[in-house]
Structures are given as structure tokens and as C-alpha cells.
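Visitor: I would like a close look at one part of this protein, the place where the ligand sits. Please take it slowly.

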Amino acid sequence: MKRPRRIVVVGNGIAGLTAADTLRAEGHDGSLVIVGDEPAYSRPALSKALLRDDPTAHGLPPTSHGATELLGVRATSLDTGRRLVALSDGQELAYDGLVVTSGCRPRRLSDADLTLRSLADATALRSAISSRPSVLVVGGGPLGMEVASSCLAVGCAVTVTNVGPPLVDQLGPHLSSVLVEAAVAQGLRVLDASEPRPPADLVVTAVGDVPNTEWLGTSGPLGADARGRWRPEVVAAGDVAAYPSGRTPLWTSAIEQAKVAAVALLRGDEAPAYVPRPYFWTEQFGLSVKAAGTLPPYGDPTVVERDGTSMLLQWPGAAVAVNYRIPVPRLRRLAEAAAV
Ligand SMILES: Cc1cc2nc3c(=O)[nH]c(=O)nc-3n(C[C@H](O)[C@H](O)[C@H](O)COP(=O)(O)OP(=O)(O)OC[C@H]3O[C@@H](n4cnc5c(N)ncnc54)[C@H](O)[C@@H]3O)c2cc1C
């Protein structure tokens with residue numbers, strides 16, 4: 001297969017930056033342009049340290065790709081026949097290889113509610129909670145619960161409303177009860193969505209996301225093969241993409257998919273396929289959770305180790321550390337050792 005000479009990356013989040021670094025590491029010495037509508041930063045920090053105490057917690061290590069960066073500009077449309085990406089500033093970029101890493105945006109229930117996805121959202125929310133308003137968080141997934149935890153930590157009265165107990169869909173009933181118990185002990189009010197909502201000064205919704213694929217002339221996640229290819233010369237990675245193993249909008253999956261997709265753009269079928277090994281972490285209500293394997297786990301776990309609130313738990317196909325220091329590779333091995 002002929003290697004592309006002109007590569008364009010759309011999206012300068014962690015997937016786009018990783019793809020660009022990988023392209024260079026794999027020997028791409030042709031042109032490389034990254035188009036991004038915002039600066040690069042660490043998104044997971046936004047709902048954690050940045051909201052609570054450290055407004056600088058979102059820094060990323062320097063990159064090595066040496067690409068031409070077109071920032072503050074959006075890709076607005078794609079012509080796959082002529083291989084052109086049109087930009088919001090009127091430019092058109094020609095490509096032989098295109099990397100789609102345009103991520104996703106929050107699903108909105110109302111224009112009046114706040115959501116948290118971007119650094120601008122986080123800065124606005126940080127400023128809004130500084131006067132300690134009462135806060136209603138709609139959606140009890142990991143993001144909603146992290147927002148609730150941070151708002152509570154700065155002194156707001158916080159209610160979370162969710163369909164069923166928070167976190168069950170992502171972490172299963174056992175871990176949901178561990179985390180919700182810690183949250184309630186710290187003063188969080190938890191309501192079921194069927195109960196009336198209390199009045200609140202501020203409403204934050206965290207009810208899922210919408211992949212940014214409209215500029216590709218499509219909607220929904222971009223379906224890719226196991227090497228991240230949407231077309232032979234167009235690959236996708238991260239929150240925007242759905243691989244055959246499914247869509248995994250997580251930080252580590254974005255990095256691992258971006259590496260696979262970048263190599264596939266250069267080497268085609270000779271590139272290794274993506275092997276999903278989901279890993280994710282969350283920090284909330286004084287608990288730091290690291291989870292590897294197939295989530296959510298159901299049933300009672302095997303307790304591998306436990307000391308107070310620190311525990312290492314194992315299910316068939318999954319392993320979870322709560323306030324327990326463990327290297328990610330070891331946690332993954334535990335999850336895979338227990339797989340059925
Ligand atoms: C607040 C928050 C906390 C999180 N915490 C965790 C966590 O603790 N653990 C975990 O595993 N995951 C976490 N995640 C998920 C994780 O951050 C994402 O999976 C990851 O950032 C996805 O990276 P990405 O590069 O695919 O997408 P993004 O980070 O969304 O990057 C895509 C970039 O492309 C830009 N873009 C979009 N459309 C265009 C266009 N047309 N032209 C140009 N640029 C465009 C976007 O503005 C964005 O900058 C969190 C997410 C959020 C929002």
C-alpha cells in the first residue's frame with residue numbers, strides 16, 4: 001500500500017495528539033496538519049481537581065509531532081472524492097490520509113442548564129459554584145457524580161437525580177452502593193428520576209454525549225473496522241468512533257485506538273488490530289476508583305485485599321481497585337485472569 005504523504009488530523013484532543021505523535025514515531029515525514037477548535041488539555045481533570053481546588057490541573061505533557069497546528073478553526077465539511085477538508089476560515093486542506101478525532105459534545109436537555117465537556121464549560125462552572133449555590137445534577141453516571149462530588153467539596157448543597165441508583169449502569173450494583181454510601185455520608189442527596197426535583201440555583205446535566213460527526217456528512221458515531229478505518233484513507237479514534245468491539249468513550253481507549261488507527265493509515269492490513277482492554281478511573285467523594293475489564297460487573301466480587309476503605313475486588317472479566325494503589329498493567333492482568 002502507498003503511504004500517504006499529506007495527513008490531516010481533525011481534533012486536537014488526546015486521540016488527535018496521540019495519533020500525530022504515533023505517525024511521526026512510525027516514520028511519517030510528510031506533511032502533518034492538526035485542525036482543532038480549541039487548545040489541547042487533559043479533559044478528565046476538568047470535573048476533578050480543576051473544579052475543586054487547582055485551576056491549572058488540566059495541563060498535558062509536550063507533544064513530539066512537530067505538526068502544523070491550525071487552532072481555533074473547525075472542519076466544516078469533507079469531500080471524500082476530492083480528498084478535501086473544508087475549514088471554518090474558508091481554507092481547504094488536501095489530504096492523502098485523514099485522522100478523525102473530533103470527539104463528542106454533551107447531549108443537552110435544555111439550553112438553560114450547564115453541561116461539562118470543555119475547558120470553557122469547566123471555567124464557567126468553577127466560577128458559578130464559587131458563591132456556593134444549591135446545585136441539582138441531572139444524571140448519576142461517573143461525570144454527574146464527579147461534578148456532584150466537586151460541588152459538594154466546595155460547599156454547595158447538592159442533589160443528584162438519576163433513573164435508578166447512580167453508577168449502576170457503568171460500575172454495577174456492588175460498586176454503585178459503595179460509592180453512593182460514601183456520597184450520602186458526605187451530604188449528597190440522591191433522588192430517583194421519578195421523584196419531584198427540588199428547586200436549585202444551578203442545574204448541571206450529565207446525560208450522555210453526541211459524537212461530532214456532522215462535518216463528515218453523517219451523524220452518530222463513526223463506524224470503523226478493527227484497525228480504526230472508516231475508509232482505506234480515513235481512520236477514526238476516540239470518543240467519535242465506534243470500533244467493532246463497540247464505542248468506549250474513555251481516556252485510555254482514545255489513546256490506544258489512536259495508536260492503532262495511525263499505524264493502520266500508514267501500513268493498512270499489516271497494522272495490528274485494536275484489542276479492547278477497557279480501563280477507566282474516577283475520583284469522587286474521597287474514593288479513587290480504577291476499573292479494568294468488562295464493565296459493569298454483576299454479582300458479588302471476590303475480595304482480593306481489603307483494609308478499611310481500601311480494597312481490591314475481582315469479578316469474572318473485571319477487576320476494580322478502590323483507594324488501592326496498583327499499577328494499571330497488574331489490574332488489567334487481574335481482570336483478564338478472572339475472565340470466563
Ligand atoms: C469532564 C470529563 C471528565 C472525564 N473523566 C474521565 C476519567 O476520569 N477517566 C476516563 O477514562 N475518561 C474520562 N473522560 C472521558 C475522556 O476525557 C474522553 O474519553 C477523551 O477526552 C476522548 O478524547 P478524544 O480525543 O477522543 O475527544 P476530545 O477530548 O473530545 O477531543 C476532540 C477535540 O476535537 C475538537 N473538535 C470537534 N469537532 C471539531 C471540528 N469539526 N473541527 C475541529 N475540531 C473539532 C473538540 O473541540 C475537541 O477539542 C472524561 C470526560 C469529561 C468530559
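Which of the residues around the ligand come nearest? And what else surrounds the ligand?

Guide: A word of caution before the details: this is a predicted model. The ligand has 33 residues around it, and those that come nearest are Asp37, Glu38, Arg43, Lys48 and Arg117.

Two of these residues can be followed down to single atoms. An N or O atom in the side chain of Arg43 is 2.7 Å from an oxygen atom of the ligand. For Arg117, a side-chain N or O atom is likewise 2.7 Å from an oxygen atom of the ligand. Backbone atoms take part as well: a polar backbone atom of Pro249 is 3.4 Å from a ligand oxygen. The ligand taken alone exposes 1,000 Å², and the protein buries 95% of that.

The shell can also be sorted by class. Nonpolar residues number 16, polar residues ten and charged residues seven. It can be sorted by domain too: domain 1 (6-105 + 208-270) and domain 2 (108-205) each give at least three residues to the shell. Among the helices and strands, helix H1 (14-25), strand S2 (31-36) and helix H6 (251-267) each supply at least two of the shell residues.

Strand S2 leads from the ligand to a sheet. S2 belongs to an open sheet of six strands with mixed pairing, and the order is S3-S2-S1-S7-S16-S15. Strand S3 (68-71) and strand S15 (229-231) are the edges; each has a single partner strand, so one side of each has no neighbour in the sheet. On average, and with direction ignored, neighbouring strands here are turned by 20° against each other. At the S15 edge, two bridges pair S15 with strand S16 (residues 234-236) in the antiparallel sense. There, Arg231 stands opposite Val234 in S16. As for what holds such neighbours together, strands of a sheet pair through backbone hydrogen bonds, either parallel or antiparallel.

A second open sheet can be set beside this description. It has three strands in the order S4-S5-S6, and the pairing is antiparallel. Strand S4 (75-79) and strand S6 (92-94) are its edge strands, each pairing on one side only. From one strand to the next, the twist averages 25°. S4 is joined to strand S5 (residues 84-87) by four bridges, and the two run antiparallel. One of the residues to look for is Ser77, whose bridge partner in S5 is Ala86. The loop between S4 and S5 contains Arg83. Arg83 has a positive phi, near 55°, although it is a residue other than glycine.

The last stop is a hairpin further along the chain. Strand S20 (residues 302-307) and strand S21 (residues 310-315) run antiparallel and are joined by five bridges. Val303 has Leu313 as its bridge partner in S21. Two residues lie between the strands of this hairpin, and Gly308 takes a positive phi near 65°. The loop between strand S19 (287-293) and S20 holds Pro296. The peptide bond from Leu295 to Pro296 is cis, with omega near -5°.

To return to the ligand: the side chains of Arg43 and Arg117 each place an N or O atom 2.7 Å from one of its oxygen atoms, and the protein buries 95% of the area that the ligand exposes when taken alone.

Technical notes. Residues are numbered from 1 along each chain as its sequence is written. This is a predicted model: local features need pLDDT of at least 70, side-chain atom pairs count only at pLDDT 80 or more; totals for chains, interfaces and linings use all residues. Side-chain values use heavy atoms; hydrogens and water are left out. A residue is near a molecule or strand if one of its heavy atoms lies within 4 Å of it. A polar contact is a pair of N or O atoms within 3.5 Å; within protein, one must be able to donate a hydrogen and the other to accept it, and residues adjacent in sequence count only if both atoms are side-chain atoms. Accessible areas come from the Shrake-Rupley method with a 1.4 Å probe; for residues, only the protein chains shown count as cover. Ala, Val, Leu, Ile, Met, Phe, Trp, Tyr, Cys and Pro count as nonpolar, Asp, Glu, Lys and Arg as charged, and the others, Gly among them, as polar. Domain bounds come from an automatic or database domain assignment. Two strands pair if DSSP finds at least two bridges between them. Axes are lines fitted to C-alpha atoms, for helices over the stretch in contact, and angles run from 0 to 180 degrees between N-to-C directions.
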